[in-house]
Amino acid sequence: MRQDKPRCAWAKGPLMQAYHDTEWGVPARDDGRLYEMLLLEAFQAGLSWHVILSKRENFRRAFDGFDPHKIAAYDEAKIARLLGDAGIVRCRRKIEAAVVNARCFLEIQRQFGSFANYLYSFAGDEPQPSGDEVRTTSPLSDAISLDLKRRGMRYMGSVTVYSYLQAVGVVNDHEPGCFLHRDGTGQAGG
Ligand SMILES: [Zn+2]
């Protein structure tokens with residue numbers, strides 16, 4: 001990893017830098033990745049993203065490789081085991097939300113053919129341009145949040161959805177000056 005590149009201010013430390021450089025804001029159309037990020041973002045509420053990233057492989061192990069079919073079928077015994085797993089975020093409401101959200105995710109896949117189709121039915125096919133102001137929500141995240149909640153998803157407020165849209169590249173919010181800012185054309189600064 002290049003240490004000398006100018007990056008978004010939040011990308012501090014090796015874990016966050018690697019995530020920033022290789023994943024954050026990269027347009028994702030693969031339902032496996034879209035689901036993984038949805039689950040992780042829902043667990044992030046009230047915590048730092050660094051905490052979630054540092055536990056990510058523990059989440060992957062504990063949640064059956066982020067397989068929504070398996071997670072949708074979790075019973076109380078499995079939830080109790082997850083609550084005893086110190087490697088993840090042990091919050092009953094969030095774990096129960098993961099199970100409910102997996103069921104909603106599968107239902108959306110059934111209705112739209114893929115979760116990507118659903119997501120881009122709101123967003124259009126191109127990454128949304130964003131202004132220079134720092135945002136935590138947008139009309140797009142408001143609309144998707146409302147629809148996800150209507151479908152029964154939990155921990156999907158507009159701030160969480162906006163963070164998700166940034167992560168999976170529906171919006172590109174690399175800061176001006178970051179080497180991945182859209183005007184930077186991927187070149188190192190200077
Ligand atoms: Zn950046």
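Author: In this predicted model, Ala, Val, Leu, Ile, Met, Phe, Trp, Tyr, Cys and Pro count as nonpolar, Asp, Glu, Lys and Arg as charged, and the others, Gly among them, as polar. By these classes, the lining of the second largest pocket has five nonpolar, three polar and two charged residues.

Reader: Which residues lie nearest the centre of the second largest pocket, and how are they classed?

Author: G25, V26, P27, N172 and H174 lie nearest the centre, out of ten lining residues. Val and Pro are listed as nonpolar, and Gly is named among the polar residues, so V26 and P27 are nonpolar whereas G25 is polar. The space in this pocket is about 150 Å³.

Reader: How do you know that C8, H20, H174 and C178 are donors of the zinc ion?

Author: A donor is an N, O or S atom within 2.8 Å of the metal. The SG atoms of C8 and C178, the NE2 atom of H20 and the ND1 atom of H174 coordinate the zinc ion at 2.0 to 2.2 Å, and they therefore satisfy that cut-off. Along the chain, the donors follow the spacing C-x11-H-x153-H-x3-C.

Reader: What makes the site of the zinc ion tetrahedral?

Author: Four donors count as tetrahedral if all angles lie between 85 and 135 degrees. The angles among the four donor atoms here are 99 to 120 degrees, which means that the condition is met.

Reader: Why are H174 and C178 called buried?

Author: The term requires a relative accessible area under 20%. H174 has 5% and C178 has 3%, so each of these zinc donors qualifies.

Reader: Why does R7 count as buried, and what does its side chain contact?

Author: R7, in the segment before α1 (13-22), has a relative accessibility of 13%, and this value falls under the 20% limit. Its side chain makes a polar contact with the side chain of D21 at 2.7 Å, a separation that lies within the 3.5 Å allowed for such a pair.

Reader: What makes up the lining of the largest cavity, and which helix gives the most to it?

Author: The structure holds one cavity of 30 Å³ or more, and the space in the largest cavity is about 30 Å³. Y35, L39, A42, F43, A98 and N101 line this cavity, with α2 giving the most, four residues; α2 (31-44) and α7 (92-112) each supply at least two. Tyr, Leu, Ala and Phe count as nonpolar, and the lining accordingly has five nonpolar, one polar and no charged residues.

Conventions
Residues numbered from 1 in each chain as written. Predicted model: local features only at pLDDT ≥ 70, side-chain atom pairs only at ≥ 80, totals over all residues. Heavy atoms only, no water. Buried < 20%, exposed > 50% of the residue type's maximum accessible area, 1.4 Å probe, protein only. Polar contact = N/O pair within 3.5 Å; in protein donor to acceptor, adjacent residues only side chain to side chain. 1 Å grid on protein atoms, 1.4 Å probe; cavity = no way out; pocket = protein on both sides within 12 Å on 5 of 7 lines; lining within 4 Å. Points joined across faces, edges and corners; volume = space filled by probe spheres on them. Donors = N, O, S within 2.8 Å, 3.2 Å for Na, K, Ca; no water. Tetrahedral: all angles 85-135°; square planar, octahedral: opposite > 155°, others 65-115°.
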